[in-house]
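Here is a friendly set of exercises, each with a worked solution. Have your viewer ready and try each task before reading on.

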Amino acid sequence: MGEIETLKGKRTQRMPREARRRQLLQAAHQVFVANGYHGASMDEIAEVAKVSKPVLYQHFPGKRELYLALLDSHLADFSKQLDDAIRSTSDNRQRVFATINTYYRYIKSESQAYRLIFESDVLSDPLIAARIEEFNNNLATSISRVVVEDTDLNEEEGLLAGRALAGLSQVSARYWATTDDAVDQHTAVDLISRLAWRGISQFPKEK
């Protein structure tokens, strides 16, 4: 019996609105990951959540709104982890390592959420694409602030460097996740962070 099937059964009892919302998002996560956006249905999400369809529609007027709420939740969690990594030290070399390591850790420990964010079958949807772009831009901006402080790059150059570092982290982490730990996480992160740092360190701030 699959994971979704084990969640189906008796209807749950009344619960506080926020708790119910979290429950519905958890059920939606299971269904969207298993079936993709186009293959998911509100009927199945309601069944997995063990609620009636009217209860589901009280919280989310449609499948798209439910998907967007779930995406927002995952992006907020991932963004916080990345912000924590950037703020974890005042040493920029360690910041680079911590940021890249967060990508690798997230894609390994939260692989379902990561796939839903970056490998969804509806990434071309304008609202979804806008959210992903906002996430990428916010991360690049956070990186650029500390890069500009420690180099002679201007803000626009720092933002471009931030985009490059975010892209390097994302692409390498996605590839690494497909290699079945052929390279262990620490070694992989150390390799990519040294590659990134050697580039950034070529722009020291003039005294």
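**Exercise 1. Locate K50 and describe its backbone and its exposure.**

Solution. Step one is the location: K50 sits in the loop between helix 3 and helix 4 (53–59). Helices (H or I, at least four residues) and strands (E, at least two) are DSSP runs, numbered from the N terminus. Before going further, note that this is a predicted model, in which local features need pLDDT of at least 70 and side-chain atom pairs count only at pLDDT 80 or more, while totals for chains, interfaces and linings use all residues. Residues are numbered from 1 along each chain as its sequence is written, and side-chain values use heavy atoms, with hydrogens and water left out.

Step two is the backbone: K50 has a positive phi of about 60° although it is not a glycine, and this residue comes just after helix 3. Step three is exposure: K50 counts as partly exposed because its relative accessibility is 25%. The classes are buried (under 20% relative accessible area), exposed (over 50%) and partly exposed in between, with a 1.4 Å probe and protein chains only.

**Exercise 2. Work out how enclosed helix 3 is, and which of its residues are buried.**

Solution. Start with the range, residues 42–49. Six of the eight residues are buried, so helix 3 is largely enclosed by the rest of the structure. Then list them: M42, E44, I45, A46, V48 and A49.

**Exercise 3. Summarise the protein chain as a whole.**

Solution. Begin with secondary structure: the chain has 10 helices and zero strands. Next comes burial, where 42% of the 207 residues count as buried. For contacts (heavy atoms within 4.5 Å), take the ones between residues at least 6 apart in sequence: 70% of these join residues at least 24 apart. Finally, the accessible surface is about 11600 Å², and carbon and sulfur atoms hold 50% of it. These areas come from the Shrake-Rupley method with a 1.4 Å probe; for residues, only the protein chains shown count as cover.

**Exercise 4. Classify the aromatic pairs F32–Y37 and F78–Y106.**

Solution. First, the rule: rings of Phe, Tyr and Trp (its six-membered ring) pair if their centres lie within 6.5 Å, and planes under 30 degrees apart count as stacked, over 60 as edge-to-face and the rest as tilted. By this rule there are 11 aromatic pairs. The ring centres of F32 and Y37 are 5.9 Å apart and their planes meet at 10°, so this pair is stacked. Both partners are buried, F32 at 4% relative accessibility and Y37 at 15%.

Now turn to F78 and Y106, also a stacked pair, with 3.9 Å centre to centre and 10° between the planes. This pair links distant parts of the chain, since F78 belongs to helix 5 (residues 63–87) and Y106 to helix 6, 28 residues apart. F78 is buried at 0% relative accessible area, and Y106 is buried at 0% as well. The two rings are part of one aromatic cluster formed by F78, Y103, Y106, Y114, F118 and F135.

One extra step for Y37: K63 lies over the face of this ring, 4.5 Å from the ring centre. A charge sits over a ring if NZ of Lys or CZ of Arg is within 6 Å of the ring centre and within 35 degrees of the ring normal.

**Exercise 5. How do helix 6 and helix 7 pack, and which residues make the contact?**

Solution. The axes of helix 6 and helix 7 (residues 111–118) are 5 Å apart, at an angle of about 105°. Axes are lines fitted to C-alpha atoms, for helices over the stretch in contact, and angles run from 0 to 180 degrees between N-to-C directions. Angles under 35 degrees count as roughly parallel, over 145 as roughly antiparallel, 65 to 115 as roughly perpendicular and the rest as oblique. The two helices are therefore roughly perpendicular to each other. Helix 6 contributes Y103, Y106, I107, K108 and S109 to the contact, and helix 7 contributes S111, A113, Y114 and I117.

To finish, look at the buried residues of helix 7, which are A113, Y114, L116, I117 and F118. They pack against helix 2 (17–39), helix 5, helix 6, helix 8 (126–150) and helix 9.
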